[in-house]
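Work through the exercises below with the sequence and the model open side by side. Each task is followed by a solution in steps.

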Amino acid sequence: QIDDRGLKTPIDLLDNEKIRLGTGNDLEIYHNGSNSFIKDTGTGALAISGSQVSFDSSDSSEYMIKATENAAVELYYNGSKKLETNNDGIALSGDINLGSGTLFTNDNGKLRLGGSQDLEIYHNGTNSYLDNHTGHLAIRTNVGSDVGSNIYLQPHDNEDGIVIVHDGGVELYYDNSKKFSTINAGAYVTGSFGVGAATNPSH
């Protein structure tokens, strides 16, 4: 009986010579002269098990991916952690660039902004909401630019409801027809003006 089954020398193989494991040679390990491969070619999946599994840089000085048992999966860029899973979902460090993609949520899923999630944007299945919980809510356009632009609140497509004109007045519309606007001297009304009326004075 041989008790010592350790190898006394390395196993040296040439390019494209493979270590093949399994009855059907299902697992291959080899180098093709340019790249190295661990290749599952047969039955089942390739499983890598461990209490902590990581993909490291070539000199083992930095993590690229680290997965810890009963804990997080972490993704790194140049040794700096950028994304990790947690009990609530994921945590990010840095920016998100969607390119031409789209960010989706289900009904009542919220985009929450601020250290205390003070601003919420969501749809509840019936209506859409922009909720601010702390301080004032400012809607601004072309911030930091010398080019002025207007702000439009439109109830339907290109139908105006409220228009805030850069360096100008505030305009109020009825069925896309301007009825009230502020001017330098005060305000201007188109049509009837009722005070204390319970209904539209035109009715």
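The model is predicted.

**Exercise 1. A salt bridge late in the chain**

Task: Find the salt-bridge partner of lysine 178 and state whether each residue is buried, partly exposed or exposed.

Solution.
- Step 1. Lysine 178 has a relative accessibility of 36%, so lysine 178 counts as partly exposed.
- Step 2. The partner is glutamate 171, and the closest N and O atoms are 3.5 Å apart. A salt bridge requires a nitrogen within 4 Å of a carboxyl oxygen, so this pair qualifies.
- Step 3. Glutamate 171 has a relative accessible area of 15%. Buried means under 20%, so glutamate 171 falls in that class.

**Exercise 2. The other salt bridges**

Task: How many salt bridges does the structure hold, and which residues are linked in a network?

Solution.
- Step 1. The total is six salt bridges.
- Step 2. One of them joins glutamate 28 to lysine 18, with 3.2 Å between the closest N and O atoms. This pair links distant parts of the chain: glutamate 28 is in strand β2 (residues 27–31), lysine 18 is in the segment before β1 (19–21), and the two are 10 residues apart.
- Step 3. Glutamate 28 is buried at 10% relative accessible area, while lysine 18 is partly exposed at 36%.
- Step 4. Lysine 110 and glutamate 120 also meet through their side chains in a salt bridge, at 3.2 Å from N to O. Lysine 110 belongs to strand β9 and glutamate 120 to strand β10, again with their positions 10 residues apart in the numbering.
- Step 5. Lysine 110 is partly exposed, with a relative accessible area of 39%, and glutamate 120 is buried, at 9%.
- Step 6. The network of salt bridges links Lys66, Glu74, Lys81 and Glu84.

**Exercise 3. The three-stranded sheet**

Task: Give the strand order of the open sheet that contains β9, and state which strands stand at its edges.

Solution.
- Step 1. The order is β9-β10-β11, and the pairing is antiparallel.
- Step 2. The edge strands are β9 (110–113) and β11 (128–132). Each has a single partner strand, so one side of each is left without a neighbour in the sheet.
- Step 3. From one strand to the next, the twist averages 10°.
- Step 4. Four bridges pair β9 with β10 (residues 119–123) in the antiparallel sense. Within this sheet, leucine 113 stands opposite leucine 119 in β10.

**Exercise 4. The five-stranded sheet**

Task: Which strands stand at the edges of the open sheet of five strands, and how do β15 and β16 pair?

Solution.
- Step 1. The strand order is β12-β13-β14-β15-β16, with antiparallel pairing.
- Step 2. β12 and β16 (186–189) stand at the edges. Each has a single partner strand, so one side of each lacks a neighbour in the sheet.
- Step 3. The twist averages 15° from one strand to the next.
- Step 4. β15 (residues 177–183) pairs with β16 in the antiparallel sense over four bridges. The two strands form a hairpin with two residues between them.
- Step 5. The bridge partner of phenylalanine 180 in β16 is valine 189.

**Exercise 5. Two aspartates in loops**

Task: Locate aspartate 26 and aspartate 160, and describe the surroundings of each.

Solution.
- Step 1. Aspartate 26 lies in the loop between β1 and β2. Its relative accessible area is 24%, so aspartate 26 is partly exposed.
- Step 2. Leaving aside neighbours within four places in sequence, aspartate 26 is in contact with Leu21, Lys39, Asp40, Thr41, Gly42 and Thr43. Aspartate 40 is 14 residues from aspartate 26 in sequence, and the C-alpha atoms of the two are 5.9 Å apart.
- Step 3. Aspartate 160 is in the loop between β12 (151–153) and β13 (162–164).
- Step 4. Aspartate 160 is buried yet has no salt bridge. The nearest side chain of opposite charge is that of lysine 178, 9.0 Å away.
- Step 5. The side chain of aspartate 160 does make a polar contact, at 3.2 Å, with the side chain of glutamine 154.
- Step 6. Not counting residues up to four places away in sequence, aspartate 160 touches Tyr152, Leu153, Gln154, Pro155, Tyr173 and Asn176.

How values were computed: Residues numbered from 1 in each chain as written. Predicted model: local features only at pLDDT ≥ 70, side-chain atom pairs only at ≥ 80, totals over all residues. Heavy atoms only, no water. Pairing = 2+ DSSP bridges. Axes fitted to C-alpha atoms, helices over the stretch in contact; angles between N-to-C directions. Buried < 20%, exposed > 50% of the residue type's maximum accessible area, 1.4 Å probe, protein only. Contact = heavy atoms within 4.5 Å. Lys, Arg positive; Asp, Glu negative; His and termini not counted. Polar contact = N/O pair within 3.5 Å; in protein donor to acceptor, adjacent residues only side chain to side chain.
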